[in-house]
Amino acid sequence: MPRIVVCFKWVIDEAYIRTGASQELDLENVDYKLSDYDRNAIEEAVRLKEEYGGSLVGITVGVPEATKGIKDALSRGPEKAYFINDASFDNLEPSQTATILADVVSSQIEYDLIICGEGSSDLYAQQVGPRLAEKLGIPCISYVQKLGIENGEIIAERKMEEGVEVVAAPMPALVTVVPDINSPRVPGLKDTLMASKKPVISITKDQLSQTYEPCLQTAGILAASMERNCVKFGGELEGIAGFVESLLKEGVIS
Amino acid sequence: MAGVWVLAENHRQTLELLNIGRVLASKLGTRLAAFLLHDREMAQEYIEYGADDILLLPSLPEDQSLDAYIPVIAEEAQKQEPDIFLVAATLRGKEIAARIASRLNTGLCSECISLTLDESGKNLEMERLMFGGAAAQKVTCRTRPQMATVPPRTFEPAVKQSGREGQIKELPVPPASALRVLEKKARAHEASDIREARVVVCAGRGIEKQEDMALVRELAEAVGGEIACTRPISEELHWLPENLCIGLSGINVKPDLYIGVGVSGQIQHVTGIRDAKVICAINNDENAPIFEAADYGIVGDLYEVVPKLIKELKGEK
Ligand SMILES: Cc1cc2nc3c(=O)[nH]c(=O)nc-3n(C[C@H](O)[C@H](O)[C@H](O)COP(=O)(O)OP(=O)(O)OC[C@H]3O[C@@H](n4cnc5c(N)ncnc54)[C@H](O)[C@@H]3O)c2cc1C
Ligand SMILES: Nc1ncnc2c1ncn2[C@@H]1O[C@H](COP(=O)(O)O)[C@@H](O)[C@H]1O
């Protein structure tokens with residue numbers, strides 16, 4: 001029966017990002033969310049547990065304020081969560097996140113399968129999963145669209161450019177999942193209430209045994225602007241005629 | 001510590017990386033090395049396309065995937081200490097680049113869309129998108145090698161120069177990876193490449209049923225365009241193949257005209273149409289974000305608007 005660990009991240013909801021005066025990001029009124037594809041990662045972990053039994057824990061690295069994210073994740077099914085937190089963990093790069101996760105996973109968690117999202121909604125670096133596997137010295141299967149366990153081995157369908165690659169790997173292993181692997185269920189009120197009773201193991205920076213110096217240096221972040229006409233027409237015949245006329249004027253249809 | 005390395009799974013992307021690699025290697029006064037997967041025949045050709053060194057990876061058994069090369073590549077990098085290592089951002093490429101970067105304890109700029117040397121001429125300034133494409137992040141890498149994955153078509157392929165000479169180095173056979181390939185299923189039918197299309201009509205989740213895709217096709221025909229889609233249409237519903245999905249995790253298009261039908265306009269999608277000349281949208285929610293990214297929009301039910309629009313375009317009233 002597999003002992004499953006699922007990695008999730010609490011991120012800025014990009015839909016709230018506005019552009020400030022000189023192209024800088026305005027993060028004043030942003031809200032946060034569970035990284036989109038980590039919902040698929042959690043759902044898949046829950047599905048596997050339902051099918052094969054075993055256990056399921058969640059793990060995240062973040063700032064102490066990310067507790068809302070832990071609750072959100074726990075309401076989706078994991079039994080408990082490991083919360084590695086520090087006020088300085090707001091801008092970690094993938095190499096640091098992977099090192100921190102590896103540190104805690106290898107010293108505190110017994111596992112057969114680790115599941116990550118394909119990429120996080122904010123960075124979308126698609127690195128933490130593969131780097132974590134490498135740090136733990138276990139096989140990595142990335143971009144998985146279908147996942148199962150047979151004879152103690154992971155069997156996975158990877159979605160590649162030229163088609164599907166079906167692979168097998170012994171456990172323990174790490175997989176990263178693409179969003180079409182499942183449709184995450186929406187937690188109900190009961191799930192949310194239960195989530196607040198589940199244990200959260202808080203791990204602070206001074207309890208880590210490895211260092212995690214950044215490799216990358218961010219020289220700047222600028223909003224990607226998009227200047228468009230933003231003309232709206234109605235759906236009645238008149239509006240449609242106006243729309244077509246505009247396209248003719250632009251010379252993009254004839 | 002010297003050298004620029006490039007690694008790509010396929011021929012075209014190797015040529016694209018050789019192009020930018022040649023520019024960087026010349027500026028740095030160093031050698032350019034290209035990995036070549038089990039096809040010795042290609043070595044001379046890659047040299048003529050700009051490589052000084054070929055790092056030849058031996059053939060793998062049927063049941064092994066690209067990841068088997070990781071230990072060999074990482075070991076060679078530890079020996080030769082390249083200054084820059086670029087990997088084509090295919091799916092496998094992205095995974096192995098992250099794992100090699102981990103072994104080498106170095107930084108990796110994922111899906112790098114621009115790279116130039118800074119004023120000192122020593123460090124790469126790399127740009128990538130973040131927040132779904134809402135922002136561009138500029139990074140440098142303090143550690144070596146400076147690694148980046150580069151999406152296909154970020155650079156033009158290199159131009160051939162006959163008479164160039166180079167060296168071939170054969171790398172050792174890697175130990176078998178724990179990962180075994182059981183089966184490979186090719187995609188049923190290859191869709192056309194719409195990256196060069198002049199007009200693109202994009203189907204979004206506002207389309208209710210698969211049959212209704214006919215309506216979108218009809219509109220595409222009426223405007224002389226190709227059909228494309230958002231990620232839910234290809235990934236969740238599988239109504240169109242993935243290589244027609246536009247956006248952050250799909251392709252970028254740069255048509256003269258883009259028309260989104262039932263597309264909400266989330267940033268991850270809009271990022272892929274940034275270079276379109278004219279952007280249009282049909283959506284029944286007047287507050288849909290697509291209208292902020294569009295030049296011309298029609299607010300209305302696509303099931304009423306599209307048939308009328310087709311008639312208007314065909315000049316039948
Ligand atoms: C890391 C990451 C990467 C991603 N990469 C991509 C990517 O590459 N490409 C991509 O497309 N998405 C991508 N996404 C997903 C993206 O965030 C959106 O979820 C997706 O683009 C939404 O697709 P949609 O507009 O078709 O669907 P929805 O957001 O569901 O929008 C449907 C729209 O149709 C309208 N509508 C409904 N009925 C009608 C009607 N009868 N008439 C007219 N309008 C109607 C609605 O008002 C709505 O605006 C990514 C997400 C993440 C987190
Ligand atoms: N801070 C974090 N805590 C836990 N897991 C993370 C964190 N950041 C990334 N991950 C995991 O790694 C995946 C890929 O993230 P990224 O490399 O940032 O694209 C995510 O989908 C998560 O599963």
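Biologist: Which helices of chain A and chain B each supply at least two residues of the shell around ligand 1?

Modeller: The model is a predicted one. In it, α1 (36-52) of chain A contributes at least two shell residues, as does each of α6 (231-236), α7 (267-270) and α8 (302-314) of chain B. Residues from both chain A and chain B surround ligand 1, so the site is shared between chains.

Biologist: Which of the 29 residues around ligand 1 come nearest?

Modeller: They are Arg205(B), Thr230(B), Ser249(B), Ser264(B) and Gln268(B). By class, the shell comprises 15 polar, 9 nonpolar and 5 charged residues.

Biologist: Which atoms of ligand 1 are 2.8 Å from an N or O atom in the side chain of Ser249(B)?

Modeller: A nitrogen atom of the ligand is at that distance from the Ser249(B) side chain. Oxygen atoms of ligand 1 also have partners: one is 3.1 Å from a side-chain N or O atom of His269(B), and one lies 3.3 Å from a backbone N or O atom of Gly250(B). Taken alone, ligand 1 exposes 1000 Å², of which the protein buries 84%.

Biologist: How should a helix such as α6 of chain A be read, and which of its residues are buried?

Modeller: In an α-helix there are 3.6 residues a turn, so residues three or four places apart point the same way. Helix α6(A), residues 237-250, reaches 20 Å from first to last C-alpha, close to the 20 Å expected. Its buried residues include Gly239(A), Ile240(A), Phe243(A), Val244(A) and Leu247(A). Their cover includes β15 (231-234) of chain A and, from chain B, β14 (257-261), β15 (278-283), β16 (296-299) and α8. Just after α6(A), Gly251(A) adopts a positive phi of about 75 degrees.

Note on methods
Residues numbered from 1 in each chain as written. Chains lettered and ligands numbered in written order. Predicted model: local features only at pLDDT ≥ 70, side-chain atom pairs only at ≥ 80, totals over all residues. Heavy atoms only, no water. Near = heavy atom within 4 Å. Polar contact = N/O pair within 3.5 Å; in protein donor to acceptor, adjacent residues only side chain to side chain. Areas by Shrake-Rupley, 256 points an atom, 1.4 Å probe, with all protein chains shown as cover. Helix = DSSP H or I, 4+ residues; strand = E, 2+ residues; numbered from the N terminus. Nonpolar A, V, L, I, M, F, W, Y, C, P; charged D, E, K, R; others polar. Expected span 1.5 Å × (residues − 1). Buried < 20%, exposed > 50% of the residue type's maximum accessible area, 1.4 Å probe, protein only. Contact = heavy atoms within 4.5 Å.
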